[in-house]
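Reader: I am new to this structure and should like to understand it through a few questions. May we begin with a single residue and then turn to the wider arrangement?

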Amino acid sequence: MPVFAVVLSMLLTVSQPPLRLHPANERYFEFRGKPTVLVTSGEHYGAVLNLDFDYARYLDELQSRGFNLTRTFSGTYRETPGSFKIEHNTLAPKPGRYTSPWIEKGGKYDLDAFDDAYFRRLKSFMAEASTRGVVVEYVLFCPFYEDGLWAISPMNARNNVNRIGDCPREEVFTLKHPKLLDRQLAFVRRAVAELNAFDNLYFEICNEPYFGGVTLDWQKKVAETIAAVEKGLPNTHLIAQNIANGSAKIDKPDPNVSIFNFHYASPPDAIRENRGLSRPIGFDETGFKGTADAVYRREAWEFLLSGGAVFSHLDYSFTIDHPDGTAKIVDPTPGGGGPEFRRQLSILKKFIDGLDLTKTRPINARLASRDGGARPVIGLVDTGKPLFVFYASAGPRAKFSFMLPPKAYKIEWIEPATGAVVKTERVDVLDAGAETVMESPEYREDVALRISIPGES
């Protein structure tokens with residue numbers, strides 16, 4: 001992107017307050033004046049650090065699906081070809097095609113000298129995302145999962161002229177090495193200052209800090225640094241913390257953190273366990289359940305209809321040769337994606353966009369099982385309409401049981417894979433104390449139920 005276009009985009013974003021918690025419902029976001037959830041099926045985080053990746057074409061595809069999020073790593077971490085059995089990994093640039101925040105001199109990096117070309121590329125990416133209404137989760141750091149990844153890091157003493165970072169990989173993101181910490185925080189300060197003008201941004205402290213020895217006091221220091229820098233700048237951005245794989249109860253949340261991210265968060269127990277925080281809960285990475293669409297579609301519906309605010313699907317169909325996301329995904333790639341899945345996820349995004357998120361909350365209901373028992377069912381109520389939405393994947397029929405106020409209701413059974421309404425009916429609830437039972441039509445994999453009041457939905 002030409003420099004003048006970057007400047008123009010930055011000037012435009014200054015007039016908008018950055019992404020923030022919605023003041024009427026802080027479990028969700030407000031972006032450019034509208035309540036929203038953040039949904040995407042995005043590339044493997046190398047859009048900026050991999051010089052061969054055409055991020056404009058990539059962002060075009062996200063925009064065409066109605067997605068409003070992408071997750072990108074800063075470049076303080078990269079992978080090598082073959083890492084985690086990922087074919088055509090965008091986080092593993094070819095030799096000479098990796099860009100980091102630090103200047104490279106004769107094959108080594110200078111941790112006291114930032115690369116202006118890197119920050120130009122970063123801001124160009126931010127500007128392109130901004131014009132398409134895409135929010136960027138900028139991930140500052142990532143642990144080194146194995147020695148081979150630490151061996152190629154600019155922060156490793158063998159790879160920098162400063163001879164800083166002579167330590168095991170498990171100690172990189174701790175407070176044990178003050179000189180290394182100083183350079184890390186200097187990078188944070190530079191990145192936060194460079195990106196302050198953009199409204200389509202939030203920071204994540206560290207990807208998967210529960211691996212590789214990352215300490216809570218180190219994470220707290222990074223969050224404090226972000227907040228301190230922005231006190232002297234025009235804009236304040238949200239900070240995310242990656243909590244756990246699956247779920248975990250957050251007992252002492254960092255006051256500087258507003259978004260709590262989980263990976264592989266299915267079932268969506270993390271939402272229930274942390275509902276008392278009244279903050280956005282994110283399903284920030286998917287995968288490791290094969291390459292088929294149904295399992296990830298099910299995860300998305302379950303998470304967002306439980307009250308989740310972020311669903312970030314990891315889509316391996318985006319590669320250097322296919323930045324539009326048309327690469328074929330084959331085993332042993334540890335996840336899914338592709339045009340068909342993105343089409344299905346866009347149906348859910350439109351479905352959620354049809355709710356008034358300022359008045360939406362999770363609702364309790366029961367789903368009858370084949371053995372005659374019952375289990376909780378996932379659902380939301382939009383109290384402003386009112387409108388109820390539920391989701392199940394019990395198959396081949398589902399029997400929903402819940403309490404409804406006395407009224408006449410329109411019932412729509414929806415196929416999540418297509419968005420088609422497969423059956424419509426009317427139910428008159430006469431008794432406020434009576435249980436209403438609805439049985440679904442036959443379905444293959446999953447079904448959604450929308451209950452509205454005629455003329456009000």
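Reader: Does Asn 242 count as buried or exposed, and what is its relative accessibility?

Author: The model is a predicted one. Within it, Asn 242 lies in strand β10. A residue is called buried when its relative accessible area is under 20%. Asn 242 therefore counts as buried, with a relative accessibility of 1%.

Reader: Which backbone oxygen does the side chain of Asn 242 reach?

Author: The contacts of Asn 242 include Arg 71, Gln 219, Tyr 210 and Asn 261. With the side chain of Tyr 210, the side chain of Asn 242 forms a polar contact of 3.4 Å. The backbone oxygen that the side chain of Asn 242 reaches, at 3.2 Å, is that of Asn 261.

Reader: Which residues are closest to the centre of the second largest pocket?

Author: This pocket holds about 350 Å³ of space. Strand β10 (239-245) and helix α6 (216-231) each contribute at least two residues to its lining. By class, that lining comprises nine nonpolar, three polar and five charged residues. Among the 17 lining residues, those closest to the centre are Leu 216, Gln 241, Ile 243, Ile 250 and Lys 252.

Reader: Which helix gives the largest share of the largest nonpolar core?

Author: In soluble globular proteins, nonpolar side chains tend to be buried together. The largest nonpolar core here has 113 residues, of which Tyr 138, Leu 140, Phe 187 and Tyr 202 touch the most other members. The largest share of this core, eight residues, is supplied by residues 178-195, helix α5.

Conventions: Residues are numbered from 1 along each chain as its sequence is written. This is a predicted model: local features need pLDDT of at least 70, side-chain atom pairs count only at pLDDT 80 or more; totals for chains, interfaces and linings use all residues. Side-chain values use heavy atoms; hydrogens and water are left out. On a 1 Å grid over the protein atoms alone, a cavity is a set of points where a 1.4 Å probe fits but cannot get out, and a pocket is an open set with protein on both sides within 12 Å along at least five of seven lines; lining residues have an atom within 4 Å of a point. Grid points are joined across faces, edges and corners, and a volume is the space filled by probe spheres set on the points. Helices (H or I, at least four residues) and strands (E, at least two) are DSSP runs, numbered from the N terminus. Ala, Val, Leu, Ile, Met, Phe, Trp, Tyr, Cys and Pro count as nonpolar, Asp, Glu, Lys and Arg as charged, and the others, Gly among them, as polar. A nonpolar core is a set of buried Ala, Val, Leu, Ile, Met, Phe, Trp, Tyr and Cys residues joined through side-chain atoms within 4.5 Å. Buried means under 20% relative accessible area, exposed over 50%, partly exposed in between (1.4 Å probe, protein chains only). A polar contact is a pair of N or O atoms within 3.5 Å; within protein, one must be able to donate a hydrogen and the other to accept it, and residues adjacent in sequence count only if both atoms are side-chain atoms. Contact means heavy atoms within 4.5 Å. Lists of a residue's contacts leave out its neighbours within four places in sequence.
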